[in-house]
Amino acid sequence: SGRGLETLRYGPMKPVGLENPRTGELPHAVVQLRKENRQGTLYNMVGFQTKLTQGEQQRIFRQLPGLGKAAFARFGSIHRNTFICAPELLLPTLQTRKNPQLLVAGQLSGVEGYVESTAMGLLAGINAARLQQKRKPLRPPPQTALGALITHLTESDPRHFQPSNVNFGLFPAWEQKVAKLLRGQIRAERSREAMREWVAGNRI
Ligand SMILES: Cc1cc2nc3c(=O)[nH]c(=O)nc-3n(C[C@H](O)[C@H](O)[C@H](O)COP(=O)(O)OP(=O)(O)OC[C@H]3O[C@@H](n4cnc5c(N)ncnc54)[C@H](O)[C@@H]3O)c2cc1C
């Protein structure tokens, strides 16, 4: 990896909370196998998007303890999202600029991840229902995670737009210096407060 040999074990392979209770030993890195079928005969390896050739994947993955005799049903690849250029095409209500009766939900809107896609589905659903009831469609407050994703979708530079997971970098900048340790708590309080007001004020 261009970011250093240790990069991968600080991502999905980070062994957080996986200390062996008998020996107290913390593994160097772990591979999470996610069950794919009810019979438990198919598992996928979490976080293994890769450009390695299938032969190399087989050779390397077979070296992992327990996978020596694994049969590979599918190999890793790089997944690419299908998404629109939201900053150019979308309003902060998830309506399209050209046709306000058309709303975009989910990953297609330009977010990444399960929760983020669901969140954009929720907002598109709320606004579709409001349009149907002849009520004004809404933009969620930017201090909330929902609103921060909308900021990303609608205020990014359209020339370099890429989908994003939700992260603190998408929230409004601090107006003054705040100690790092307090930031999460303050953000959560502000966000909850803004969300309560938004929901109550708009009868959502
Ligand atoms: C390999 C892989 C691993 C991932 N791992 C994670 C992860 O660990 N954590 C995480 O948060 N996110 C992960 N993601 C991303 C996450 O899966 C997506 O962001 C999320 O599923 C998008 O949800 P969605 O409902 O917007 O779209 P989708 O889940 O793609 O749903 C769209 C649906 O629309 C259907 N459809 C398409 N065209 C039509 C049509 N013309 N008519 C009717 N139906 C249609 C499709 O069949 C599909 O069911 C992963 C993605 C991939 C590909």
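In which loop does Lys 134 lie? Select Lys 134 to start the tour; the model on screen is a predicted one. Lys 134 sits in the loop between α3 and α4 (145-155). Its phi is near 60°, a positive value in a residue other than glycine. Lys 134 has a relative accessible area of 76% and is therefore exposed, the cut-off being over 50%.

**Stop two: after α5**

Go next to Arg 203, in the segment after α5 (180-201). Here too phi is positive in a residue other than glycine, with a value near 50°. Arg 203 counts as exposed because its relative accessibility is 65%.

Step back into helix α5 and pick Ala 200. Ala 200 counts as exposed, at 55% relative accessibility. Now draw a distance from the C-alpha of Ala 200 to the C-alpha of Tyr 114: the two are 27 Å apart in space and 86 residues apart in sequence. Tyr 114 leads to the ligand, as one of the residues around it.

**Stop three: the ligand**

Select the ligand and display the residues around it: Arg 34, His 79, Gly 106, Gln 107, Gly 113, Tyr 114 and Ser 117. By class, this shell divides into one nonpolar residue, five polar and one charged.

Which atoms of Gly 113, Tyr 114 and Ser 117 should be labelled here? For Gly 113, label the backbone: an N or O atom there lies 3.2 Å from an oxygen atom of the ligand. For Tyr 114, a backbone N or O atom again faces the measurement, at 2.7 Å from a ligand oxygen. For Ser 117, turn to the side chain, where a polar atom lies 3.3 Å from an oxygen atom of the ligand. On its own the ligand has 1000 Å² of accessible area, and the protein covers 33% of that.

**Stop four: Glu 112**

Move to Glu 112, in the loop between α2 (86-89) and α3. Is Glu 112 buried, partly exposed or exposed? Its relative accessible area is 23%, so Glu 112 is partly exposed. Add Asn 81 to the selection: its C-alpha and that of Glu 112 are separated by 7.9 Å, although the residues are 31 apart along the chain.

**Stop five: the largest pocket**

Show the pockets next. The largest holds about 970 Å³ of space. To centre the view, select Glu 36, Asn 44, Met 45, Val 46 and Arg 74, which lie nearest the centre of this pocket among its 31 lining residues. The elements that give two or more residues to the lining are β1 (33-35), β2 (43-45), α1 (54-61) and α3 (114-132).

Which element gives the most to this lining? Colour β2, which contributes three residues. Colouring the whole lining by class gives 15 nonpolar, 12 polar and four charged residues.

**Stop six: the second largest pocket**

The last selection is the second largest pocket, with a volume of about 600 Å³. Its lining has 22 residues, and those nearest the centre are Leu 8, Arg 9, Met 13, Gly 47 and Phe 48. Coloured by class, the lining of the second largest pocket shows 12 nonpolar, seven polar and three charged residues.

Technical notes
Residues numbered from 1 in each chain as written. Predicted model: local features only at pLDDT ≥ 70, side-chain atom pairs only at ≥ 80, totals over all residues. Heavy atoms only, no water. Near = heavy atom within 4 Å. Polar contact = N/O pair within 3.5 Å; in protein donor to acceptor, adjacent residues only side chain to side chain. Areas by Shrake-Rupley, 256 points an atom, 1.4 Å probe, with all protein chains shown as cover. Nonpolar A, V, L, I, M, F, W, Y, C, P; charged D, E, K, R; others polar. 1 Å grid on protein atoms, 1.4 Å probe; cavity = no way out; pocket = protein on both sides within 12 Å on 5 of 7 lines; lining within 4 Å. Points joined across faces, edges and corners; volume = space filled by probe spheres on them. Helix = DSSP H or I, 4+ residues; strand = E, 2+ residues; numbered from the N terminus. Buried < 20%, exposed > 50% of the residue type's maximum accessible area, 1.4 Å probe, protein only.
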